[in-house]
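This report introduces a protein chain to a reader who has not met it before. Please look over the sequence and the structure before reading on.

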Amino acid sequence: MVQAKKIVLYVIVVFVAYTIITSPERAAELVQVGFEGVSSAAQGVGDFMSELVK
């Protein structure tokens, strides 16, 4: 089972590296979308906590 996890992790790393090398613009867009999602989630949590304090 541990061996399978290592293989899957290796395949994912190779895929990510391949994607970045072959299409850096698309990879940058995906990272930006990811950061925007995290930022949105953090904003939502902040709004929720602010409402709880009121």
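Glu29 and Arg26 form a salt bridge, in which the closest N and O atoms are 3.6 Å apart. The model examined here is a predicted one. Side chains of opposite charge can pair when their charged atoms come close. A search of the whole structure finds 1 salt bridge. The two partners are 3 residues apart in helix α2, which covers residues 24–53, and so they are separated by about one helical turn. Glu29 has a relative accessibility of 42% and counts as partly exposed. Arg26 is likewise partly exposed, its relative accessible area being 45%. Both values fall between the limits of 20% for buried and 50% for exposed residues.

**Overall form**

The protein chain has 2 helices and 0 strands. Its radius of gyration is 18 Å, whereas a compact globule of 54 residues would have one near 10 Å. Along the principal axes, the C-alpha atoms fill a box of roughly 50 × 35 × 5 Å. Of the 54 residues in the protein chain, 4% count as buried.

**Surface and charge**

The protein chain has an accessible surface of about 5,000 Å², and carbon and sulfur atoms account for 72% of this area. A nonpolar surface patch of about 470 Å² is made by Val8, Ile12, Phe15, Val16 and Ile20. One of these residues, Val16, is found in helix α1, which spans residues 2–22. Val16 counts as partly exposed because its relative accessibility is 42%, between the limits of 20% and 50%. As for charge, the protein chain has 4 positive and 5 negative side chains. The centres of the two sets lie 17 Å apart.

**Positions along the two helices**

Ala4 also has its place in helix α1. With a relative accessibility of 40%, Ala4 counts as partly exposed. Asp47 lies in helix α2, and at 41% relative accessibility Asp47 is partly exposed. Each of these two residues also serves as one end of a C-alpha distance, as the table sets out.

| Residue pair | Separation along the chain | C-alpha distance |
|---|---|---|
| Ala4 and Ile20 | 16 residues | 24 Å |
| Asp47 and Leu30 | 17 residues | 26 Å |

Ile20, the partner of Ala4 in the table, is also among the residues that make the nonpolar surface patch.

**Summary**

In this predicted model, the protein chain has 2 helices and 0 strands, and its radius of gyration of 18 Å may be set against the value near 10 Å for a compact globule of 54 residues. Helix α2 holds both Glu29 and Arg26, the partners of the salt bridge. Helix α1 contains Val16, which helps to make the nonpolar surface patch of about 470 Å².

Methods. Residues numbered from 1 in each chain as written. Predicted model: local features only at pLDDT ≥ 70, side-chain atom pairs only at ≥ 80, totals over all residues. Heavy atoms only, no water. Salt bridge = Lys/Arg side-chain N within 4 Å of Asp/Glu carboxyl O. Helix = DSSP H or I, 4+ residues; strand = E, 2+ residues; numbered from the N terminus. Buried < 20%, exposed > 50% of the residue type's maximum accessible area, 1.4 Å probe, protein only. Rg over C-alpha atoms; globule rule 2.2 N^0.38 Å. Areas by Shrake-Rupley, 256 points an atom, 1.4 Å probe, with all protein chains shown as cover. Lys, Arg positive; Asp, Glu negative; His and termini not counted. Charge placed at Lys NZ, Arg CZ, Asp CG, Glu CD. Patch = residues over 30% accessible without salt bridge, like charges linked within 9 Å, V, L, I, M, F, W, Y side chains within 5 Å.
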